[in-house]
Amino acid sequence: MSKRPYVLSSAAMSLDGFLDDTSQERLLLSSPEDFERVDQVRAGADAILVGANTIRTDNPRLLSRSGPDPVKVTLTTSGKLDPGAKFFTTGDAAKLVYAASPAVRPLAAQLDGLATVIDAGDPPDLHRILADLAERGIGRLMVEGGGGIHTLFLTEDVVDELHLVVAPFFVGQREAPRFVGAGRFPQGRLTLAETRQLGDVVLLRYLTGQAALDHRRLAEAVALADNCPPSTTFRVGAVITDAAGDVLATGYSGEHDPHDHAEESALAKLGDDPRLAGATIYSSLEPCSARASRPVTCTQHILDAGIPRVVFAWREPDVFVDAQGTELLRAAGREVIELPDLAAAVRRTNSHLPGVAGA
Ligand SMILES: NC(=O)C1=CN([C@@H]2O[C@H](COP(=O)(O)OP(=O)(O)OC[C@H]3O[C@@H](n4cnc5c(N)ncnc54)[C@H](OP(=O)(O)O)[C@@H]3O)[C@@H](O)[C@H]2O)C=CC1
Ligand SMILES: Nc1c(N[C@@H]2O[C@H](COP(=O)(O)O)[C@@H](O)[C@H]2O)[nH]c(=O)[nH]c1=O
């Protein structure tokens, strides 16, 4: 299976499940507090995707005040997109348009200098689009809708995390767009990871199959860091699982020697175990890419062990070095997933380091 970004789908709906009403004006379902949260989620994404119909009806800017603007992405079969839309005219980040094959040439001419138009197949193939995004370095994709796009992503079973906000009113119009239409959705119950009240709306945050397991194992790695002896460097925990998600080994910084890194300590317990070829390593911190204590970095240990998947919570801040573990692992074809909602706990464990506030 080809690699794809981590997909976070985000929607705000009315009590009766509508994304909008039938009026010309965009319906505000989120509260001010929730719009602030959405802005932060945007800032944490590498790219935001909306369907072509959302561009036509809402004319969104899709920028973020909280951080760098993500790459903007859309999907169209008809090729009907206005070059004057704010999607194309606002923000400095790249704009990518995935179009059905017959629409590519005319659209590329129309959007020349404004966006990159990419052939998505005929009909557009979502898996091909996601593989292409991964190749372009998009590790985390936020999908903001509308209903056609949410239905497509959910029924193709490519959503890892769903942020569903429920606003306290009804729309009640038969023709208004619903959160999702009919389709064959993933079977079974999703994992409810969080509920949060934001003003008068409620956020329901769900994780799906692999993402729920990743979250659980990464939380175990984060908790392991509490075993680290007092240190002037990072306090990190790591868990290695086999392809089925069963734990093979664990480790933490300073486990046997003050110079031990968590990933290195866990890997040392497995030697050249053949199960490493299908393993995932969970680390509370991005694997190191430069170190003073020993010659081999954890990034190199992971590459040498042949581990194909890496999941971490906190990007290494520039306290000691300019960290590049994620980039090096991805360049070597490894899947790297960042789950930043566990990063606050990792920062707390490392609040002894200069410049790291214990959130
Ligand atoms: N409350 C909220 O959180 C949000 C609400 N909205 C609302 O949602 C509404 C728009 O939703 P909707 O009309 O469903 O449009 P979408 O924004 O979901 O876009 C759907 C479009 O995507 C393109 N597309 C290409 N392939 C597919 C495929 N396989 N399946 C589905 N779409 C595909 C088509 O473009 P083409 O027609 O060009 O071929 C299609 O019309 C608006 O009213 C907007 O305000 C939108 C986002 C967030
Ligand atoms: N109405 C609505 C949302 N609408 C989404 O926000 C987009 C507008 O983005 P921008 O122009 O950048 O502010 C719009 O096109 C749609 O994707 N989102 C939410 O979280 N809550 C809401 O109530």
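**Exercise 1. Trace the sheet of this predicted model: in which order do its strands lie, and which strands stand at the edges?**

Solution. Begin by walking across the open sheet, whose 9 strands follow the order E5-E4-E3-E2-E6-E1-E7-E9-E8. The pairing along the way is mixed. Next, look at the two ends of that order. E5 and strand E8 (191-198) each have a single partner strand, so one side of each is left without a neighbour in the sheet. As you step from one strand to the next, the twist averages 20 degrees.

**Exercise 2. Zoom in on E1 and E7: how many bridges join them, and which residue of E7 partners Ser 9?**

Solution. A reminder helps here: strands of a sheet pair through backbone hydrogen bonds, either parallel or antiparallel. Now take the pair itself. E1 and strand E7 (residues 161-166) run parallel and are joined by 6 bridges. For a single example, start at Ser 9 and cross over to E7, where Leu 162 is its bridge partner.

**Exercise 3. Find the strands that H6 lies across, and give its angle to E6.**

Solution. Follow the helix over the sheet: H6 lies across E1, E2, E3 and E6. Then compare directions with E6, to which H6 runs at about 135 degrees.

**Exercise 4. Describe the surroundings of ligand 1: how many residues surround it, and which element gives the most?**

Solution. First, the count: ligand 1 is surrounded by 27 residues, and the closest are Gly 51, Asn 53, Thr 77, Gly 145 and Gly 146. Second, the elements. Those giving two or more residues to this shell are the strands E1 (6-13), E2 (47-51), E3 (71-76) and E6 (140-145), together with the helices H2 (52-58) and H6 (147-155). H2 gives the most, with 5 residues. Third, the chemistry: the shell divides into 11 nonpolar, 11 polar and 5 charged residues.

**Exercise 5. Now do the same for ligand 2: which residues come nearest, and how does its shell divide?**

Solution. There are 16 residues around ligand 2, and Ala 12, Leu 29, Ser 30, Asp 58 and Pro 60 come nearest. H2 and E6 each supply at least two residues of this shell. By type, the shell around ligand 2 holds 9 nonpolar, 3 polar and 4 charged residues.

**Exercise 6. Classify Gly 113 and Glu 33: is each buried, exposed or partly exposed?**

Solution. Take Gly 113 first. You will find it in the loop between helix H4 (101-110) and strand E5 (116-119). Count its neighbours: 6 other C-beta atoms lie within 10 Å. The limit for exposed is 12 or fewer, so Gly 113 is exposed.

Glu 33 comes next, in helix H1 (residues 32-43). Because it has 14 C-beta neighbours inside 10 Å, Glu 33 counts as partly exposed. Leaving aside residues up to four places away in sequence, Glu 33 touches Leu 198 and Gly 199. For a sense of distance, Glu 33 and Asp 92 are 59 residues apart in sequence and 26 Å apart in space, C-alpha to C-alpha.

**Exercise 7. Step back to the domains: what separates their centres, and how many residues are in contact?**

Solution. Mark the two parts of the protein chain, domain 1 (6-207) and domain 2 (211-350). Their centres, taken over C-alpha atoms, are separated by 32 Å. At the contact, 9 residues of domain 1 meet 7 residues of domain 2. On the side of domain 1 that touches domain 2, the residues divide into 3 nonpolar, 3 polar and 3 charged.

Technical notes: Residues are numbered from 1 along each chain as its sequence is written. Chains are lettered from A and ligands numbered from 1 in the order in which they are written. This is a predicted model: local features need pLDDT of at least 70, side-chain atom pairs count only at pLDDT 80 or more; totals for chains, interfaces and linings use all residues. A residue is near a molecule or strand if its C-beta atom, placed from the backbone, lies within 6 Å of it. Helices (H or I, at least four residues) and strands (E, at least two) are DSSP runs, numbered from the N terminus. Ala, Val, Leu, Ile, Met, Phe, Trp, Tyr, Cys and Pro count as nonpolar, Asp, Glu, Lys and Arg as charged, and the others, Gly among them, as polar. A residue is buried if 20 or more other C-beta atoms lie within 10 Å of its own, exposed if 12 or fewer, and partly exposed in between; C-beta atoms are placed from the backbone. Two residues are in contact if their C-beta atoms, placed from the backbone, lie within 7 Å. Two strands pair if DSSP finds at least two bridges between them. Axes are lines fitted to C-alpha atoms, for helices over the stretch in contact, and angles run from 0 to 180 degrees between N-to-C directions. Domain bounds come from an automatic or database domain assignment.
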